[in-house]
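I opened the notebook today to look up a handful of backbone and fold details. The entries below follow the order in which I checked them.

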Amino acid sequence: MRVLGIETTCDETSASVVALSASGSGDILSNEVMSQIAEHAAYGGVVPEIAARAHVEVLDRLVGRALQVADVSLKDLDGIAAAAGPGLIGGVIVGLTAGKALALASRKPFVAVNHLEAHALTARMTDGIDFPYLLLLASGGHTQIVSVRGVGDYRRLGTTIDDAIGEAFDKVAKMLGLPYPGGPKVEREALQGDPQRFAFPRPMLRRPGADFSLSGLKTAVRLEAERIAPLRPIDVADICASFQAAVVDVVVDRVRGGLKAFRAEDGHPTALVVAGGVAANGAIRRALSRFAAETGLRVVTPPLDLCTDNGAMIAWTGIERLRLGLTDDMTFAARPRWPLDARAERVHNGKA
Ligand code: KG4
Ligand code: ZN
């Protein structure tokens, strides 16, 4: 089975062809990714209109290249998958429309993919792991701890009540004058800094459940930075190190809460999977590996280029869904919001 995947929900345009391997994981035949980071850097964040236009400009070339690198043509495919949300609506429409058009023209089945489900299933493509597993999904837009029970079957154990983890890294970077995206810069600065110089708060620590709250930590960082301004290079490094240490403590504590909630209903997870752009952070990875070793859990972190947004995860989700006979038709509309666990979302919004 071979599927083309298209990703345009945020600031990467990507097209990829993935094949189902004999062992049940995925063979990535091509994964063409074009990042728009440079186009958004001057604004300190992603500008939706610029993103949508940039996707339009490169997508068909990228699809052509993905097919060429994979050495397949449209007729060799078993289906076409496109991310249909959640994300920036202009960009989502670009990729979704392109995917539908290709499916229609080539008479192939079409799959509208939930971008979060694609992040959630990536570890099955890379490592062939079985359900159920515990997932920490942490990016610039999302922070969730989820029980992944099966394709389309997710139980959200925790989420952030304010900022996403990547967003907190980006905002701290911005207040310290470090360029966007801030996560990697903060991590680099932290290497030179003293994680104990500032005793920043660890919001939600030891609270029941697995929810996050990061805006208080972000505010504490801002107040401290203002108090000691002007900042010398060593101050920036110490703030980054102390901030990152606080985030690490919070992440491990919340994953611990998530594991407890997981076990209460879903038994023993086959693994702890860490996905999303924040999974690139070495300090967070190391702390979670230590935690997993203590609790006898296997940790799976997909390679970095598959943790951040990419078309391969969309193609793989297409394979997972096609295998179960799940396809979508041409009326499927782009979804700016599309929770993995709709039930948890309703509870969260006070509607249930
Ligand atoms: O998954 P992703 O590529 O895009 C989405 O947000 O969907 O994640 C990007 C986010 C940004 O907020 C970025 O600052 C953060 O991941 N990030 C990091 C690191 N590398 C990327 N955060 C902390 N440490 C890093 N090394
Ligand atoms: Zn993403």
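**Entry 1: residues with a positive phi.** I began with Arg107, and since this is a predicted model I treat every value as computed from it. Arg107 has a relative accessibility of 77%, which is over the 50% cut-off, so I put this residue down as exposed. I located Arg107 in the loop between helix 3 and strand 5, and I noted its phi near 55 degrees, a positive value in a residue other than glycine. Most residues other than glycine have a negative phi, which is why I wrote this down. I then turned to Met204, which is not a glycine either and has a positive phi of about 75 degrees. Met204 sits in the loop between helix 6 (182-192) and helix 7, but its relative accessibility is 15%, so I count Met204 as buried.

**Entry 2: cis peptide bonds.** Most peptide bonds are trans, so I looked for the cis ones. I found that the bond from Phe131 to Pro132 is cis, with omega near -5 degrees, and that Pro132 belongs to the loop between helix 4 and strand 6. I also found a cis bond from Ala229 to Pro230, with omega near 0 degrees; Pro230 is in the loop that runs between helix 7 (215-228) and helix 8 (233-266).

**Entry 3: the sheet of strands 1 to 5.** In what order do the strands of this open sheet lie? I read the order of its five strands as 3-2-1-4-5, with mixed pairing. Strand 3 (26-35) and strand 5 (110-114) each have a single partner strand, so each is an edge strand with one side left without a neighbour in the sheet. From one strand to the next I noted an average twist of 20 degrees. Looking more closely at strand 1 (residues 2-7) and strand 2 (residues 12-20), I saw that they run antiparallel and are joined by six bridges, and that Glu7 stands opposite Ser14 of strand 2.

I next checked which helices lie over this sheet. Helix 3 (residues 89-106) lies across strand 1, strand 4 (79-85) and strand 5, and runs at about 160 degrees to strand 4. Helix 4 (residues 115-127) lies across strand 1, strand 2, strand 3, strand 4 and strand 5, at about 95 degrees to strand 5.

**Entry 4: Thr9.** Is Thr9 buried or exposed? I found Thr9 in the loop between strand 1 and strand 2, and with a relative accessibility of 2% it counts as buried. Its side chain makes a polar contact of 2.7 Å with the side chain of Glu7. Setting aside neighbours within four places in sequence, I listed the contacts of Thr9, among them Ala83, Gly85, Pro86, Val92 and His115.

**Entry 5: the sheet of strands 6 to 10.** I read the second open sheet as five strands in the order 8-7-6-9-10, again with mixed pairing. Its edge strands are strand 8 and strand 10 (299-300), each of which pairs on one side only. Strand 6 (residues 133-138) and strand 7 pair antiparallel over six bridges, and they form a hairpin with four residues between them; within this pair, Leu134 stands opposite Ser147. Strand 7 also pairs antiparallel with strand 8 (residues 153-159), over six bridges, and there I noted Asp153 as the bridge partner of Gly150. That second hairpin has two residues between its strands, and Gly152 in the turn has a positive phi of about 75 degrees. Of the eight residues of strand 7 (residues 143-150), seven are buried. I came back to helix 4 here, which lies across strand 6, strand 7, strand 8, strand 9 (272-275) and strand 10, at about 125 degrees to strand 6.

**Entry 6: the chain as a whole.** I counted twelve helices and ten strands in the chain. The radius of gyration is 20 Å, close to the 20 Å that the globule rule gives for 352 residues, so I describe the chain as being as compact as a globular protein of that length. Buried residues make up 54% of the 352 residues. Of the contacts with a separation of 6 or more, 74% are between residues 24 or more positions apart. I closed with the accessible surface, which comes to about 14,700 Å², 52% of it belonging to carbon and sulfur atoms.

Notes:
Residues numbered from 1 in each chain as written. Chains lettered and ligands numbered in written order. Predicted model: local features only at pLDDT ≥ 70, side-chain atom pairs only at ≥ 80, totals over all residues. Heavy atoms only, no water. Pairing = 2+ DSSP bridges. Axes fitted to C-alpha atoms, helices over the stretch in contact; angles between N-to-C directions. Contact = heavy atoms within 4.5 Å. Rg over C-alpha atoms; globule rule 2.2 N^0.38 Å. Buried < 20%, exposed > 50% of the residue type's maximum accessible area, 1.4 Å probe, protein only. Areas by Shrake-Rupley, 256 points an atom, 1.4 Å probe, with all protein chains shown as cover. Polar contact = N/O pair within 3.5 Å; in protein donor to acceptor, adjacent residues only side chain to side chain.
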